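Thanks, everyone, for making the time this morning. I would like to walk you through one structure, and I will put it up on the screen now so that you can follow along.

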Amino acid sequence: MTRKITRRAAFLAGGAAALLAHRPAHASFPERAITLTVSFPPGGATDILARILAPPLSEALGRPVVVENRGGAGANIGIGHVARAAPDGYTLLVTSSAFVVNPSLYRNPPYDPFRDFAPISTLGASPNVIAVRPNSGIASLQDLIAQAKAAPDKFNYASPGIGTTPHLAGELLKLRAGFEMQHVPFSGAGPATQAALAGTTQVISAAQGSIMAQLRSGELRGLVQTGPTRAIDLPDVPTQEELGIRDANSETFLALFAPAATPAPIQALLAREVVKALQRPEVQQRYREAGAPVVGGGPEELRARVAREVPIWREVIQVSKISVQ
C-alpha cells in the first residue's frame, strides 16, 4: 500500500512538473523590471511623458518600470533597438510621430512600422500651430494664403527641423491650400520660436506645447491649429477643416509599442494597465501641462493612427522632395 501511494505521489509530482514546464512563459508576467525605451534624449516631451507614465504603470504591474533613453538618428536608433528586442514584454518603445514619418524620410530605416511592432496605446497628442507675430499684418490664415499667393517669394516659416511633424504640417498645409512659403529649419523648437519672435521668419509651425507660453502672452498669434478638433487650450484658434482645408489634419503624438511577436495576453495586459494609468486625473493634468493631452485610445486607435499617417507623410515627403542625409 505504501509503495502504491509513493508511486502515485511520484506520478502526480511528475505531472505537475510537466504542466509547469508547458505553462506559457507569460503566465506570470511580469516577473522583473520593464524598460520603456525612449527614442529621444532626456528632457523632451517624449521623455517627460514616459517618466510620468512609469510610476503608475509600475504600481499597477507590481514591478519596476524604468525609462532608458536611446536617442539619435531622428529616433531611428531607439526604434530599431526595440524592433530587435526579445518579444517578451520587458522592452517597450515610447516614441513620437517620427515612428510614422521616418519610413518615408530615411532611405534605410531600421524598422517596418507595420511588421515590426504591436501597438499598445497612444499616450498623448497635440496639434501643430501655424502662428505669426501680432504686428505681422496677417490677421488670419486666409490673409496669409492670399498674401503668399500674391507674392510667392515673400514668406518663409520656421520649424524645429527637417522632417519634424511641424515641418511636415507646414508642407501639408501648403499642398492642400495651394500656396508657397519657404521652409527654414532650426535645431529645435526653441531656436525656431526665437526666430519667429525676432522677425527672422514671418511664420512659425510648431507643436502646441512648444509655443503655448508665447500664444498665451500674446507674443504670437495662432492662425490655425492642425488637429481634428479645437484644442482645449486654444479655443479661439480654428482648425484647418473649419477653414475649408480638407485632408490636412496632423498632430504631434507620443505612443507606446511592443515588439510585434510579443504574446497577445501580454499586449492586452499592458494596454489595459496603460489606459487605466492614463485615466488618472493627476496623470492627465501633468500630460496637459507638458503640452500633449492624454489620448489613451488603446491598440485599435493607435493601429488606425499608424495606418492613416504613414501614407499621408509619404505623400508629403515625396511631393515636397524632403530628404535627410
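Let me begin with the strands, where β4 and β7 pair in the antiparallel sense over five bridges. Before I go further, please keep in mind that what you see is a predicted model. To place that pairing on the sequence, Val 129 has Ala 206 of β7 as its bridge partner. Strand β7, which covers residues 203–207, also pairs with β5, residues 156–159, this time in the parallel sense and over two bridges, and there Tyr 157 has Val 203 of β7 as its bridge partner.

How many of the residues of β7 are buried? Five of its five residues are, and both faces of the strand are covered, with Val 203, Ser 205 and Ala 207 buried on one side and Ile 204 and Ala 206 buried on the other.

Next, the helix α2, which has 17 residues and reaches 24 Å from its first C-alpha to its last, close to the 24 Å expected at 1.5 Å a residue. Even so, α2 has a kink of about 30° at Ala 54, shortly before the proline Pro 55. Ala 54 is itself among the buried residues of this helix, which also include Asp 47, Leu 53, Pro 56 and Leu 61. Just after α2, Gly 62 takes a positive phi of about 75°.

That helix brings me to the pockets. The largest pocket holds about 810 Å³ of space; 33 residues line it, and those closest to its centre are Phe 40, Ser 96, Pro 160, Thr 164 and Thr 252. The helices α2, α4, α6 and α8, together with strand β9, each supply at least two residues of that lining, and α4 gives the most, with four residues. For those of you thinking about chemistry, which classes make up this lining? There are 17 nonpolar and 16 polar residues, and no charged ones.

The second largest pocket has about 180 Å³ of space and is lined by 15 residues, with Ala 125, Pro 127, Thr 229, Ala 231 and Glu 251 nearest its centre. Here we return to β4, since strand β4, residues 117–132, gives the most to this lining, with three residues. By class, the lining of the second largest pocket has eight nonpolar, four polar and three charged residues, whereas the lining of the largest pocket has no charged residues.

I will stop there and take your questions.

Key:
Residues are numbered from 1 along each chain as its sequence is written. This is a predicted model: local features need pLDDT of at least 70, side-chain atom pairs count only at pLDDT 80 or more; totals for chains, interfaces and linings use all residues. Side-chain values use heavy atoms; hydrogens and water are left out. On a 1 Å grid over the protein atoms alone, a cavity is a set of points where a 1.4 Å probe fits but cannot get out, and a pocket is an open set with protein on both sides within 12 Å along at least five of seven lines; lining residues have an atom within 4 Å of a point. Grid points are joined across faces, edges and corners, and a volume is the space filled by probe spheres set on the points. Ala, Val, Leu, Ile, Met, Phe, Trp, Tyr, Cys and Pro count as nonpolar, Asp, Glu, Lys and Arg as charged, and the others, Gly among them, as polar. The expected span of a helix is 1.5 Å times one less than its number of residues. The bend at a residue is the angle between axes fitted to the seven residues ending there and the seven starting there. Buried means under 20% relative accessible area, exposed over 50%, partly exposed in between (1.4 Å probe, protein chains only). Two strands pair if DSSP finds at least two bridges between them.
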